[in-house]
Amino acid sequence: MLDALPQSSPTRHLRGLLVTAGVLPRRDENLARLELRLANTLQQLPPHQARVIRAFGEWHVIRDARRRAARGRYTALAVDGDIRDIKAAVDFMSWLDTHEIDLQDTTQSDLDRWLVDHSSCTGRSPRSSSGRWPATSPENSPSPDRPRRTLPGSWTNKTSRSSSGAA
């Protein structure tokens, strides 16, 4: 019943009181917040988007969140990141609809174009099936003020080392 209400501070406080009094069972509130957000998001989507986002949310995002929660490592910040991942997936599906591209016809070029256009608003890179992709950061990209990193000497080829006098 409480989960059907907007998840405001008073609602969360009331739930906490009811849990403390033994009226409601304890649960991982961070995980519950993610599950509720996904359920609410799915209700607002057209059926063809909801089907894809449900699979992504349940099999990738929530499944991983449950594993982390079981180890006691699922924090409020982790929830925020997972919610952003779901929002990015919804935004991508909406972008596909706007550009009249079916998901099964999506090319790498389409994904690259969306990533370039939306990288500043998502703040994160999309997930891969094996987990999170590392977000791009200033230290990972070259700039005029910072030269590109080079491999350690043991990884350079022998001809470049021998031409510099090192054997």
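The buried residues of α2 pack against α3 and α4 in this predicted model. Those buried residues are L31, A32, L34, L36, L38, T41 and L42. The protein chain carries 6 helices and 2 strands. Along the sequence the order is α-α-α-α-α-β-β-α. Of the 167 residues in the protein chain, 27% are buried.

**Helix α2 and its packing on α3**

- Helix α2 has 15 residues, which should span 21 Å at 1.5 Å a residue. Its end C-alpha atoms lie 21 Å apart, in agreement with that value.
- The axes of α2 and α3 come within 10 Å of each other. They cross at roughly 180 degrees.
- An angle over 145 degrees counts as roughly antiparallel, so α2 is roughly antiparallel to α3.
- On the α2 side, the contact is made by L31, L34, E35, L38 and L42.
- On the α3 side, the contact is made by A50, I53, R54, G57, E58, V61, I62, A65, R66 and A69.
- L31, L34, L38 and L42 of α2 take part in this contact, and these four are also among the buried residues of α2.

**The nonpolar core**

- The largest nonpolar core has 26 residues.
- L34, I53, Y74 and I86 have the most contacts inside this core.
- Three elements give two or more residues to the core: α2 (29-43), α3 (47-70) and α4 (76-98).
- Helix α4 gives the most, with 11 residues.
- L34 of α2 and I53 of α3, both among the residues with the most core contacts, also belong to the α2 and α3 contact.
- Y74 touches D28, N30, L31, L34, A65, R68, A69, V79 and D82, leaving out residues up to four places away in sequence.
- Among the partners of Y74 are L31, L34, A65 and A69, which also help make the contact between α2 and α3.

**Helix α4**

- Helix α4 has 23 residues. From its first C-alpha to its last it reaches 33 Å, close to the 33 Å expected at 1.5 Å a residue.
- E100 follows α4 and has a positive phi, near 55 degrees.
- K87 is found in α4. With a relative accessible area of 49%, K87 is partly exposed; the exposed class begins over 50%.
- K87 and L38 are 49 residues apart along the chain, yet their C-alpha atoms are separated by 9.4 Å.

**Aromatic cluster**

- The structure holds 2 aromatic pairs.
- The ring centres of F92 and W95 are 6.3 Å apart and the planes lie at 15 degrees, so this pair is stacked.
- F92 and W95 both lie in α4, 3 residues apart, about one turn of the helix. Both F92 and W95 are buried.
- The ring centres of F92 and W114 are 5.2 Å apart and the planes lie at 70 degrees, so this pair is edge-to-face.
- F92 lies in α4 and W114 in α5 (residues 108-122), so the pair ties together parts that are 22 residues apart in sequence.
- W114 is buried, as is F92.
- F92, W95 and W114 form one aromatic cluster.

**R15 and P25**

- R15 lies in helix α1 (residues 9-20). Its relative accessibility is 9%, so R15 counts as buried; the cut-off is under 20%.
- R15 is in contact with L2, D3, L24, P25, R27 and E29, leaving aside its neighbours within four places in sequence.
- P25 lies in the loop between α1 and α2. P25 is exposed, with a relative accessible area of 57%.
- P25 is in contact with R15 and V19, leaving aside its neighbours within four places in sequence.
- R15 and P25 are 10 residues apart in sequence. Their C-alpha atoms are 9.7 Å apart in space.

**Contacts across the chain**

- Among contacts between residues at least 6 apart in sequence, 53% join residues at least 24 apart.

Notes:
Residues are numbered from 1 along each chain as its sequence is written. This is a predicted model: local features need pLDDT of at least 70, side-chain atom pairs count only at pLDDT 80 or more; totals for chains, interfaces and linings use all residues. Side-chain values use heavy atoms; hydrogens and water are left out. A nonpolar core is a set of buried Ala, Val, Leu, Ile, Met, Phe, Trp, Tyr and Cys residues joined through side-chain atoms within 4.5 Å. Buried means under 20% relative accessible area, exposed over 50%, partly exposed in between (1.4 Å probe, protein chains only). Contact means heavy atoms within 4.5 Å. The expected span of a helix is 1.5 Å times one less than its number of residues. Rings of Phe, Tyr and Trp (its six-membered ring) pair if their centres lie within 6.5 Å; planes under 30 degrees apart count as stacked, over 60 as edge-to-face and the rest as tilted. Axes are lines fitted to C-alpha atoms, for helices over the stretch in contact, and angles run from 0 to 180 degrees between N-to-C directions. Angles under 35 degrees count as roughly parallel, over 145 as roughly antiparallel, 65 to 115 as roughly perpendicular and the rest as oblique.
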